[in-house]
Amino acid sequence: MRGVRWRRIASQIGRSIAVWAVSTVTMLALAALLPDFQLQSADGDSATRIAVTAAFGAGAFGLLSAVVWPLLVRLLLLVPALVLGLLVFFLNGSLLLLALRINPSGHGEAAPETAVIVAAVMSAVASATGAALAVRDDETYRRRLHRLATRGSRGRPPCPTAPGLVCVQLDGVGHDVLVDAVRKGLMPTVAGWLAPSQPTHRLTSWRTDWSSQTGASQLGILHGSNFDVPAFRWYEKERGEVMVCNRPTSAAELQHRAILRTGDGGLLAVDGASRGNLFSGGAGEQALVLSIAARRRGRENRSRAGYFAYFCDPAGAVRTALSFVAEVGREIGQSTRARIRRQRPRVGRGGLYPLVRAFATVVERDVVVAAVMGDMLAGRAAVYADLVAYDEVAHHSGPRSRDAEKVLERLDRSLALIHRVAEHAPRPYRIVVLSDHGQSPGETFRSRYGLPLGDLVRAGCGLHVPRRAERTRSGTEARAAVRAALRRPVEERGGHHRPARGSEPVVLASGNLGLVSFPDVPHRMTKEEIDARHPALLSTLANHPGIGFLLVRSEEHGGLVLGAHGAEIPLADLDERPGPLAGFGPGAADAVRRTHSFPHTADIMVNSAHDPADGEVLAFEEQIGSHGGLGGDQSRPFLLSPLELSAPVEEGEHLAGAERVHHVLRRWLGELDGPQVPLTTDVPEERAA
């Protein structure tokens, strides 16, 4: 045992000396290449003197990075995550200037902007060298996180021996997409869990509600209720406002409503952690959680286990920053290639999108994975994390594109890393992987028919239709996460946050689900009232080839599903006569009936057409991979659970609805002898926000 320990110490010393030597050579090379970076006096020095200066400078920079960097991060924990990520380069450059100043030779100097470049290159080279010398860079990183978690867990009660539960949400990955990725060898970690010879996990599909999007699914999973969430965005007449699931103020309000309805703080209310989610689940530890982004910065908004574990290592932070830049370049190259090849369908991928994609696929992933690893090493009882990388890329590249498959490969490596961290955790863990929805491919409604849904509604109302309509905005979780990380509000353009009251309809899009509301009528209008006011509107929509069906309220039948050729099916008769819902799969009628019961269901709910042969839908937003309504893979996510846990449902039953997934997770917590979610309305203020 003692011999193993000394060998480990000797190996570490050897790696440190090697990294120091490579850093010295790197500094010498940069001094030769960069005119504003010098390691000699103006009168010139000998080669030996220059080499000694470089060695002292590289050593001082390494020591400062190891000692001073964590202290700087602790002081800057209140800085938003993305801003701190951008400060990495400047802080590293400052440490290099300090290292040159304290150099005994006193000859080293660099311009501030050059110091930033030199520090970034040296950190990257040091990280790459350490990775090449160590058995696995992941192992070194895990050991460092273990030390940080042990240090951060001082003062916590002893960790229970009962297993904990870690839930990793792969945002937007449908059941069939996961199966295909395993079959193609893209996700070897998941394939190993499902190996036919000796499986450790079971794969179960489940059905979303009509609103197949993260806001509805995650609210139901984490808080046990997604009642009255009819879509990603909807208009509330009594308040005259549009609710948007990825707006911090809306997310906070939805979480508050769910807590009031269920009477408990959420799935993670006892020793839980919420990472990268729209909602907190009642967790005391949170990182990149949108529902708290609307509040003022303060101690309760910090995430030591997430941000500190991520930013404390300057080499790791620089590596992520460089990966961010590389991902931006990758997206620009892929989008350019798609334009040159004239791929169809295709949507615009310019503007800020390359930065949004890089944040989702690099920064958000690294912060969330580091936070989950820290939570496991600290022995937390329940962790729920959302990785949005695939969802963001699939929206713009397609759910089965090569771009999206590359993201799945990287997500699998993240799962492997989390799985291996369990070896160092103070308690065993059961790792559950799930998705909140899938995605359905297809071109946009606008590209196929030359006009957006809003213009079609205006035409049906007899209103003026502008020649050049505004582009429909694509509201994705990653875009909201970027704005939340920057602490900028997530609002809709064009005055849609609080529409002016008038006779003109408010038309909103949520993937391939459209919502039409008349703001001057305080109640939900009936079919009879809509026909009296706009005789051509419902028939115009129902008979359009790009629309699958409508849902409206009826004075005579309570609720009606409308389709082409005058089809009118009362909700009570859908089981016997599915009519327009026939091609939308099992559970469609139940999902529509449930949405009809919501107080804030729109006057007209519009679901796009769906081709059962290829699973394509027509998005009302600028997305070629969409979700939000019914049709195709978007309504069929997955649940991958360890065999040590009970089956999610009995054989022959179907797991339907996010609220039922919540109850499955609560049952598993009970089986693990973990926290019993308290049924109480006495919820701490910061968790009920």
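**Exercise 1. Is the crossing of α12 and α14 left-handed or right-handed?** Describe how these two helices pack in this predicted model.

*Solution.* Start with the handedness: the crossing of α12 and α14 is right-handed. Next, take the geometry. Helix α12 spans residues 353-377 and helix α14 spans residues 402-421; they pack at an angle of about 15 degrees, and their axes lie 10 Å apart. Angles under 35 degrees count as roughly parallel, so α12 and α14 are roughly parallel to each other. Finally, look at who makes the contact. From α12 come Arg 357, Thr 361, Arg 365, Val 369, Val 372, Met 373, Met 376 and Leu 377. Their partners on α14 are Asp 403, Val 407, Arg 410, Ser 414, Leu 417, Ile 418 and Val 421.

**Exercise 2. Work out the surroundings of Glu 236: where does Glu 236 lie, and is Glu 236 buried or exposed?**

*Solution.* First, place the residue: Glu 236 belongs to strand β5, residues 233-236. Then check accessibility. The relative accessibility of Glu 236 is 0%, so this residue counts as buried. Now turn to the polar partners of its side chain. One polar contact goes to the side chain of Trp 234, at 3.1 Å, and another goes to the side chain of Arg 239, also at 3.1 Å. To finish, set aside neighbours within four places in sequence: Glu 236 is then in contact with Glu 241, Met 243, Arg 257 and His 600.

**Exercise 3. Do the same for Ser 274: which backbone oxygen does the side chain of Ser 274 reach?**

*Solution.* Begin with the location, which is strand β7, residues 272-275. Ser 274 has 0% relative accessibility and therefore counts as buried. Its side chain reaches the backbone oxygen of Ser 280 at 3.5 Å. Leaving out residues up to four places away in sequence, Ser 274 touches Leu 268, Phe 279, Ser 280, Ala 283, Glu 285, Gln 286, Ala 287, Val 289 and Tyr 384.

**Exercise 4. Set Leu 288 and His 565 side by side. In which loop is each found?**

*Solution.* Take Leu 288 to begin with. Leu 288 sits in the loop between β8 (285-287) and α10 (304-311), and its phi is near 50 degrees, a positive value in a residue other than glycine. His 565 is in the loop between β15 (558-562) and β16 (568-570). Although His 565 is not a glycine, its phi is positive too, at about 60 degrees. Now add accessibility. Leu 288 has a relative accessible area of 17%, so Leu 288 is buried. His 565, with a relative accessible area of 79%, is exposed.

**Exercise 5. How many disulfides does a search of the whole structure find?** Then check the accessibility of Cys 245 and Cys 461.

*Solution.* The search finds zero disulfides. As for the two cysteines, Cys 245 is at 0% relative accessibility and therefore counts as buried. Cys 461 is at 11% relative accessibility, so Cys 461 also counts as buried.

**Exercise 6. Step back to the whole chain: how many helices and strands are there?**

*Solution.* The chain holds 21 helices and 22 strands. Of its 689 residues, 57% are buried. For the last step, consider contacts between residues at least 6 apart in sequence: 74% of these join residues at least 24 apart.

Methods: Residues numbered from 1 in each chain as written. Predicted model: local features only at pLDDT ≥ 70, side-chain atom pairs only at ≥ 80, totals over all residues. Heavy atoms only, no water. Disulfide = S-S within 2.5 Å. Buried < 20%, exposed > 50% of the residue type's maximum accessible area, 1.4 Å probe, protein only. Helix = DSSP H or I, 4+ residues; strand = E, 2+ residues; numbered from the N terminus. Polar contact = N/O pair within 3.5 Å; in protein donor to acceptor, adjacent residues only side chain to side chain. Contact = heavy atoms within 4.5 Å. Axes fitted to C-alpha atoms, helices over the stretch in contact; angles between N-to-C directions. Parallel < 35°, antiparallel > 145°, perpendicular 65-115°, else oblique. Left-handed = near helix turned anticlockwise from the far one by under 90°.
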